[in-house]
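Me: I would like to go through the labels attached to this structure and see what each one rests on. Please set each value against its cut-off.

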Amino acid sequence: MTIKHFDQVHTGKYNCRPIPPQNVQSPPLSLALGHAPHSTSITVSPVGELSEGGSVTLTCHSEAAPPVESFAWFRDMETGSIPDSFRPQLHIPRLKYTDRGEYFCVARNSLGTARSKLLLLNVTYSPKNTRVAVTPSGDTREGSYVNLNCVSHANPPASRHAWYRILGDQVLSKGSVQNLTFLSVRAQHSDPPKNTSVLARPSSVVDAGRPLTLTCSSQANPAVDNFTWHRLTPNGASVQC
């Protein structure tokens, strides 16, 4: 017997026996209507905002007959599945900002597969990798335009910024916007030399007739490219060398 289009009316138990009738028949065979997975979806626990450092569990649901035999989890449309994710639940015990992305699951049984819709896992996190982007790049000439942009990765994006200038031992507030612009840069915008010191080699106590090297170092922006040397006389006068 051949059933060309098996559907619900054909489900049940079947057996056969030889013709002409004899007192022999086969054991019953049960036929059920099966289908590949469908209505595949994801639920999230806990519900609500997810923050870095917290935990989350994603659960894949799917209707299938026979029941789903295996699951797989994917992220951001990557070709390969997430390692060790072949279960109905994907548990992330400690969220990192890099876990933010779109996830989906795939359910499989002997009759086929089905994929869920994309789920955005929106992880909030504080500003990271903060840096200053300078436009134009490179050395800045006095009198030219320069823009300083405070760049930071954050979710939600940073809404407040603060600029500071370090002048010697002082920290001076310079603004509260993301972009700090100088239409005409002047020398006072740079950092003057500080922490200036002299190093004597081989030692500050020198035998008569031996060579001595004095090295002057100083922190500045732009870097110091010219130094002058002075010698203090016993009476306190300064004599340029």
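Me: What makes the contact between the side chains of Asp-76 and Arg-75 a salt bridge?

Reply: The model is predicted, and the label rests on computed distances. The N to O distance between the side chains of Asp-76 and Arg-75 is 3.2 Å. A salt bridge requires a side-chain nitrogen of Lys or Arg within 4 Å of a carboxyl oxygen of Asp or Glu, so the pair of Asp-76 and Arg-75 qualifies.

Me: Which of the terms buried, partly exposed and exposed applies to Arg-75, and which to Asp-76?

Reply: Arg-75 has a relative accessible area of 19%. Buried means under 20%, so Arg-75 is buried. Asp-76 has 35% relative accessibility, so Asp-76 counts as partly exposed.

Me: How many salt bridges does the rule give?

Reply: The count is two. Besides the pair of Asp-76 and Arg-75, the side chains of Lys-128 and Glu-52 meet at 3.1 Å, N to O. That value is within 4 Å, so the label applies to Lys-128 and Glu-52 as well.

Me: What does the salt bridge of Lys-128 and Glu-52 tie together?

Reply: Lys-128 is in strand 11, while Glu-52 is in the loop between strand 4 and strand 5, so the pair ties together parts 76 residues apart in sequence. Lys-128 is at 21% relative accessibility and so counts as partly exposed. Glu-52, at 30%, is also partly exposed.

Me: How do you know that strand 4 and strand 11 pair?

Reply: Pairing requires at least two bridges between the strands. Strand 4 and strand 11 (residues 123-135) have two bridges, in the parallel sense, so the pairing requirement is met. Ser-51 has Thr-124 in strand 11 as its bridge partner.

Me: What makes the contact between the side chains of Thr-124 and Ser-51 a polar contact?

Reply: The distance between these side chains is 3.2 Å. The cut-off for a polar contact is 3.5 Å, so the distance requirement is met. Thr-124 itself is at 14% relative accessibility and therefore counts as buried.

Me: Why is strand 4 called an edge strand?

Reply: Strand 4 belongs to an open sheet of four strands, ordered 4-11-12-15, with mixed pairing. Strand 4 (50-51) and strand 15 (179-182) each pair on one side only, and they are the edge strands.

Me: How do you know that Cys-60 and Cys-105 form a disulfide?

Reply: The sulfur atoms of Cys-60 and Cys-105 are 2.1 Å apart. The limit is 2.5 Å, so the pair counts as a disulfide. By this rule the count is one disulfide. Cys-60 lies in strand 5 (residues 56-65) and Cys-105 in strand 8 (residues 101-109), so the bond ties together parts 45 residues apart in sequence. Cys-60 and Cys-105 are both buried.

Me: Why is the disulfide of Cys-60 and Cys-105 called right-handed?

Reply: The torsion about the S-S bond of Cys-60 and Cys-105 is about 70°, so the disulfide is right-handed.

Me: Is Cys-150 buried or exposed, and on what value does that rest?

Reply: Cys-150 has a relative accessible area of 15%. That is under 20%, so Cys-150 is buried.

Me: What makes phi of Asp-84 worth listing?

Reply: Most residues other than glycine have a negative phi. Phi of Asp-84 is near 55°, a positive value. Asp-84 sits in the loop between strand 6 (70-75) and strand 7 (89-92). With a relative accessible area of 62%, Asp-84 is over the 50% limit and so is exposed. Asn-129 also has a positive phi, near 55°, and Asn-129 lies in strand 11.

Me: Which peptide bonds are cis, and what are their omega values?

Reply: A cis peptide bond joins Thr-135 and Pro-136, with omega about -5°. Another cis bond runs from Asn-155 to Pro-156, with omega near 5°. Pro-136 is in the loop between strand 11 and strand 12 (146-155), and Pro-156 is in the loop between strand 12 and strand 13 (163-167).

Me: Which residues make the nonpolar surface patch, and how does Leu-214 meet the accessibility cut-off?

Reply: Val-198, Leu-212, Leu-214, Phe-227 and Trp-229 make a patch of about 430 Å². Patch residues need over 30% relative accessible area. Leu-214, in strand 17 (residues 213-221), has 43% and so passes that cut-off. At that value Leu-214 counts as partly exposed.

Key: Residues numbered from 1 in each chain as written. Predicted model: local features only at pLDDT ≥ 70, side-chain atom pairs only at ≥ 80, totals over all residues. Heavy atoms only, no water. Buried < 20%, exposed > 50% of the residue type's maximum accessible area, 1.4 Å probe, protein only. Patch = residues over 30% accessible without salt bridge, like charges linked within 9 Å, V, L, I, M, F, W, Y side chains within 5 Å. Areas by Shrake-Rupley, 256 points an atom, 1.4 Å probe, with all protein chains shown as cover. Polar contact = N/O pair within 3.5 Å; in protein donor to acceptor, adjacent residues only side chain to side chain.
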